[in-house]
Amino acid sequence: MKKLLFQFDTDPMPSVFDVVVGYDGGADIITGYPNVTPENVGALVDGTIYTRGGSEKKSTAIFVGGGSMAAGEAVFKAVRKRFFGPFRVSCMLDSNGSNTTAAAGVALVAKAAGSLQGKRAVVLAGTGPVGMRSAALLAKEGATVTLAGRNLAKAQEAAKAIETRFKVEIRAIETADAESRAAAVNDADVAFSAGAIGLELVSEAQWQGARDLAFLADYNAQPPLGFGGIEATDKGKERHGKTVFGALGIGGLKLKLHRACVAKLFESSEQVLDAEEIYALAKEMA
């Protein structure tokens, strides 16, 4: 049986990145659908669950992607709601690559730290999908997590969404300027940067003097990086007495993880890969 991966994308165009990684993960044929919503996904799901029977079903799988995690979560929920009894196929959620990216980043830092239990962690520019997922996984590891954003209301909204979804506590703060971001890092043991391309959030001089800060992870691969003075290729490199990870250092595991998740979809018809399941696999691979 051909391994068929159906890509339900919430954006106007299905992600080429996800298609490439899907093939690298072992799919034989990938069919992408754009503008997928909870309202129109039902018929697509029906096509995946009513065609093949028995052990053949494991050769059909669903990948939900797109730029918006909120939209992806809604579609993923609608997909799973359509399943019943044996009428189901494996499915994965990775909107904006946030599950695999955050899982890789947190897994690498957790391995380097030995334990994140009781650590103070801050996620700068944390209101986006990758930042929010990182905050959630850090909290699940037992860290005390602060989610920082330029706007307090937006940071609080993101923190509440994480708390509702993952049943963890997240503190929200406003970091509208370089001084407030530096202060947030100075109060942390672990710092993640999840900001947009082209914006340095904390300078090298600011973070190198943070007394308790031991681990930094930056998801931005394009200069200037979120943390000044680190390189995108850093993977557990020591700089100024701190262990640092750059986007490409994290990205190697992210790509391997993404491929491994796609391969796992075809092991049975009952795989459900969301943040928790993807993170568990990341920890095994880190």
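The following paragraphs describe the overall build of a predicted model of one chain, its annotated segments and a set of individual residues.

Because the model is predicted, local features are reported only at pLDDT of at least 70 and side-chain atom pairs only at pLDDT 80 or more, whereas totals for chains, interfaces and linings use all residues. Residues are numbered from 1 along each chain as its sequence is written, and side-chain values rest on heavy atoms, with hydrogens and water left out.

The chain contains 10 helices and 12 strands, where helices (H or I, at least four residues) and strands (E, at least two) are DSSP runs numbered from the N terminus. Its radius of gyration is 19 Å, close to the 19 Å that the globule rule gives for 286 residues, so the chain is as compact as a globular protein of that length; the radius is taken over C-alpha atoms, and the rule is 2.2 Å times the number of residues to the power 0.38. Along the principal axes, the C-alpha atoms fill a box of roughly 60 × 35 × 30 Å. Of the contacts with a separation of 6 or more, 73% are accounted for by residues 24 or more positions apart, a contact being defined by heavy atoms within 4.5 Å.

With regard to the surface, 51% of the 286 residues count as buried, a class that means under 20% relative accessible area, while exposed means over 50% and partly exposed lies in between (1.4 Å probe, protein chains only). The chain exposes about 12400 Å², of which carbon and sulfur atoms supply 51%; accessible areas come from the Shrake-Rupley method with a 1.4 Å probe, and for residues only the protein chains shown count as cover. The chain carries 32 positive and 32 negative charges, and the mean positions of the two sets are 5 Å apart. In this count Lys and Arg are positive and Asp and Glu negative, with His and the chain ends not counted, and each charge is placed at NZ of Lys, CZ of Arg, CG of Asp or CD of Glu.

Two segments carry annotations in an unreviewed UniProt entry, given in the numbering used here with shortened feature names, and such annotations may be inferred rather than shown by experiment. The record assigns residues 16-96 to "domain: Methylene-tetrahydromethanopterin dehydrogenase N-terminal"; over this range the chain is 40% helix and 19% strand, and the end C-alpha atoms are 12 Å apart. The record places "domain: Quinate/shikimate 5-dehydrogenase/glutamyl-tRNA reductase" at residues 109-206, a range that is 45% helix and 20% strand, with its end C-alpha atoms 21 Å apart.

Within the residue range 16-96, Asn40 lies in the loop between strand E2 (29-33) and helix H2 (41-49) and is partly exposed, with a relative accessible area of 37%. Asn40 and Phe17 are separated by 23 residues in sequence and, C-alpha to C-alpha, by 24 Å in space. Gly72, by contrast, is placed in helix H3 (residues 69-82) and is buried, with a relative accessible area of 0%. When residues up to four places away in sequence are not counted, Gly72 touches Thr10, Val64, Leu93 and Ser95, whereas the C-alpha atoms of Gly72 and Gly198 are 26 Å apart, at a sequence separation of 126 residues.

Several loop residues have notable backbone geometry. Asn96, in the loop between strand E4 (90-93) and helix H4 (98-113), has a positive phi of about 60° although it is not a glycine, and its relative accessible area of 45% makes it partly exposed. A positive phi, near 50°, is also found for Ala125, which sits in the loop between strand E5 (120-124) and helix H5 (129-140) and is partly exposed at 26% relative accessible area. The peptide bond from Pro223 to Pro224 is cis, with omega near -5°, and Pro224 belongs to the loop between strand E9 (215-218) and strand E10 (235-239).

Two further residues fall within the range 109-206. Asp177 occupies the loop between strand E7 (170-174) and helix H7 (178-186) and counts as partly exposed at 36% relative accessibility; Asp177 and Arg150 are 27 residues apart in sequence but 7.7 Å apart in space, C-alpha to C-alpha. Ala205 is located in helix H8 (residues 204-208) and is exposed, with a relative accessible area of 56%, and its C-alpha atom is 8.4 Å from that of Gly229, which is 24 residues away in sequence.
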